[in-house]
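Here is a short briefing on a predicted model. Read it with the sequence and the coordinates open.

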Amino acid sequence: MTAHALSQDAADHGYHVPRWAGAAPVEFVEWYPASFPEQRARAQEWTCEHCLRTFYLMHGGGHTWIRRRVRADVRSKRATTMDTERMSYADARRLWQRIVLGRAR
């Protein structure tokens, strides 16, 4: 699987991020409360929204970042939304690839 293909089926059915087994080294990403300063931000890619933890590759206002949305259970509509810092598109794309492959959390 590559992290470069867009979700093609349904809007809410993206990649399934592998669970961390605890044995393989993983990069821990620094997350910040989502601030939503970009009015026209769009998700370019996303992971499966049926999972408790969903990630989005976001772009807007000349910035790129990763958004993480975590729900307490699958039926909950409430979620905690966190963002990475804004970064270059190339850096965000590399981080996105590591997240989708389960190498970053």
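E27 belongs to the segment before β1. E27 is partly exposed, because its relative accessible area of 32% falls between the 20% limit for buried and the 50% limit for exposed. Its C-alpha atom is separated by 4.4 Å from that of A104. Along the chain, E27 and A104 are 77 residues apart. E27 is also one of the residues that line the second largest pocket.

**Second largest pocket**

- The volume of this pocket is about 170 Å³.
- Besides E27, the lining includes V29, E30 and Y32.
- T84, E85 and M87 are also among the lining residues.
- D91, R94, L95 and R98 line the pocket too.
- Helix α1, residues 89-100, gives the most to this lining, with four residues.
- Sorted by class, the lining has six charged, four nonpolar and one polar residue.

**Largest pocket**

- The largest pocket holds about 300 Å³ of space.
- Its lining counts 13 residues, and the closest to the pocket centre are V17, R19, C51, L52 and R53.
- Eight of the lining residues are nonpolar, three are charged and two are polar.

**Sheet layout**

- Five strands make up an open sheet, and their pairing is antiparallel.
- Across the sheet the order is β1-β5-β4-β3-β2.
- β1 and β2 (42-46) are the edge strands, each pairing on one side only.

**Strand pairs**

- β2 and β3 pair in the antiparallel sense over four bridges.
- In this pair, W46 stands opposite Y56 of β3.
- The hairpin from β2 to β3 runs through six residues.
- β3 and β4 pair in the antiparallel sense over eight bridges.
- Here L57 has I66 in β4 as its bridge partner.
- The hairpin of β3 and β4 has two residues between the strands, and its G61 takes a positive phi near 60°.
- β4 (residues 63-70) and β5 (residues 80-83) are antiparallel partners over four bridges.
- R67 stands opposite D83 of β5.

**Burial of β3**

- Which part of β3 is buried? Six of its eight residues are, so the strand is largely enclosed by the rest of the structure.
- F55, in strand β3 (residues 53-60), is buried.

**Aromatic rings and a charge**

- The structure holds one aromatic pair.
- W31 and F55 form this pair, with ring centres 6.0 Å apart and 40° between the planes.
- The pair counts as tilted because its angle is neither under 30 degrees, as for stacked rings, nor over 60, as for edge-to-face ones.
- The pair links distant parts of the chain, with W31 in the segment before β1 (32-33) and F55 in β3.
- W31 and F55 are 24 residues apart.
- W31, like F55, is buried.
- What sits over the ring of W65? The charged end of R86 does, 3.9 Å from the ring centre.

Terms used: Residues numbered from 1 in each chain as written. Predicted model: local features only at pLDDT ≥ 70, side-chain atom pairs only at ≥ 80, totals over all residues. Heavy atoms only, no water. 1 Å grid on protein atoms, 1.4 Å probe; cavity = no way out; pocket = protein on both sides within 12 Å on 5 of 7 lines; lining within 4 Å. Points joined across faces, edges and corners; volume = space filled by probe spheres on them. Nonpolar A, V, L, I, M, F, W, Y, C, P; charged D, E, K, R; others polar. Phe/Tyr/Trp six-rings, centres within 6.5 Å; stacked < 30°, edge-to-face > 60°. Buried < 20%, exposed > 50% of the residue type's maximum accessible area, 1.4 Å probe, protein only. Lys NZ or Arg CZ within 6 Å of the ring centre and 35° of its normal. Pairing = 2+ DSSP bridges.
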